[in-house]
Amino acid sequence: YPSGNLAIIVTQERDQLICIVQEDELRTAKIRALFQSDGRSTCYYPNGDEWINMSIQGGQYLDQAGNRVRRWMWPNLSPGPHVPLSPIFISLNRHVGVRILAQDKIFISFLAMGRQAKFNMGTKVQASTASQLPPPTRLGEDELLLLAFRVRILQLFDRMRGCLNFPSSEQWNKMQPPMYLMTQAVKILELCMAADISDELRSSIKAIVNA
């Protein structure tokens, strides 16, 4: 961002690409969107509530009250009549926008100071491939909370190390958390979406991870 805060992270884990969009904040670096090359993606409202959620089967669009506004299925995974996707465009903030045109055309655009960067995180998953994918791992409430608190504790330890390394400077406060911690936070958010837990607990876990 023009402020110097990190906006977009693109990383590779094994054979999968992951794109993370962060909010323009110095301390918290809240996750505003997560896109994965295996077809799973989620966008969040500024308060952390789910905005758009996509999988290899399709996706849904929620309003700020949590009501489902739109739902669609990707045509290559729907053998019969399917609900088509009307193009979607949302602005995560004044610099980052997301445009969803098709399963293989999901664009993240970044615009600042007259310059633009664009990423296509869409993918094409065939029905035969999708049918072989294992079901997502489902964890209980206690396990999810323990994982979230573990990541939060590691984040605090990392911040303490930064403070010790720069005791007389504010530079440590601008340092981003290590990539492995950001990846773990993203995985916990994914597990929350797959788990059968209350919205209140899901919001609490998001707050712990993004604190």
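Buried means under 20% relative accessible area, exposed over 50%, and partly exposed in between. Keep this in mind for the exercises below, which use a predicted model.

**Exercise 1.** Find out how the rings of Tyr45 and Trp51 are arranged, and whether these residues are buried or exposed.

*Solution.* Start with the general idea: a pair of aromatic rings is described by the distance of the centres and the angle of the planes. For Tyr45 and Trp51, the centres are 4.3 Å apart and the planes differ by 10 degrees. Planes under 30 degrees apart count as stacked, and this pair is indeed stacked. Finally, both Tyr45 and Trp51 are buried.

**Exercise 2.** Classify the pair formed by Tyr1 and Phe110, and say which parts of the chain the pair links.

*Solution.* The ring centres of Tyr1 and Phe110 lie 5.9 Å apart. Their planes meet at 65 degrees, so the pair is edge-to-face. Next, locate the partners: Tyr1 sits in the segment before strand E1 (8-13), while Phe110 belongs to strand E10, 109 residues apart. Tyr1 and Phe110 are both buried.

**Exercise 3.** Work out which strand gives the most to the largest nonpolar core.

*Solution.* This core has 27 residues, and Leu92 is one of those that touch the most other members. Several strands supply at least two residues each, including E2 (16-22) and E9 (96-102). E10 gives the most, with 4 residues.

**Exercise 4.** Decide whether Ile153 is buried, partly exposed or exposed.

*Solution.* Ile153 lies in helix H2 (residues 141-165). Its relative accessible area is 45%, so Ile153 is partly exposed. Together with Phe149, Phe157 and Met160, Ile153 makes a nonpolar surface patch of about 410 Å².

Key. Residues are numbered from 1 along each chain as its sequence is written. This is a predicted model: local features need pLDDT of at least 70, side-chain atom pairs count only at pLDDT 80 or more; totals for chains, interfaces and linings use all residues. Side-chain values use heavy atoms; hydrogens and water are left out. Patches are made of residues with over 30% relative accessible area and no salt bridge: like charges are joined within 9 Å, nonpolar side chains (Val, Leu, Ile, Met, Phe, Trp, Tyr) within 5 Å. Accessible areas come from the Shrake-Rupley method with a 1.4 Å probe; for residues, only the protein chains shown count as cover. A salt bridge is a side-chain nitrogen of Lys or Arg within 4 Å of a carboxyl oxygen of Asp or Glu. Buried means under 20% relative accessible area, exposed over 50%, partly exposed in between (1.4 Å probe, protein chains only). A nonpolar core is a set of buried Ala, Val, Leu, Ile, Met, Phe, Trp, Tyr and Cys residues joined through side-chain atoms within 4.5 Å. Rings of Phe, Tyr and Trp (its six-membered ring) pair if their centres lie within 6.5 Å; planes under 30 degrees apart count as stacked, over 60 as edge-to-face and the rest as tilted.
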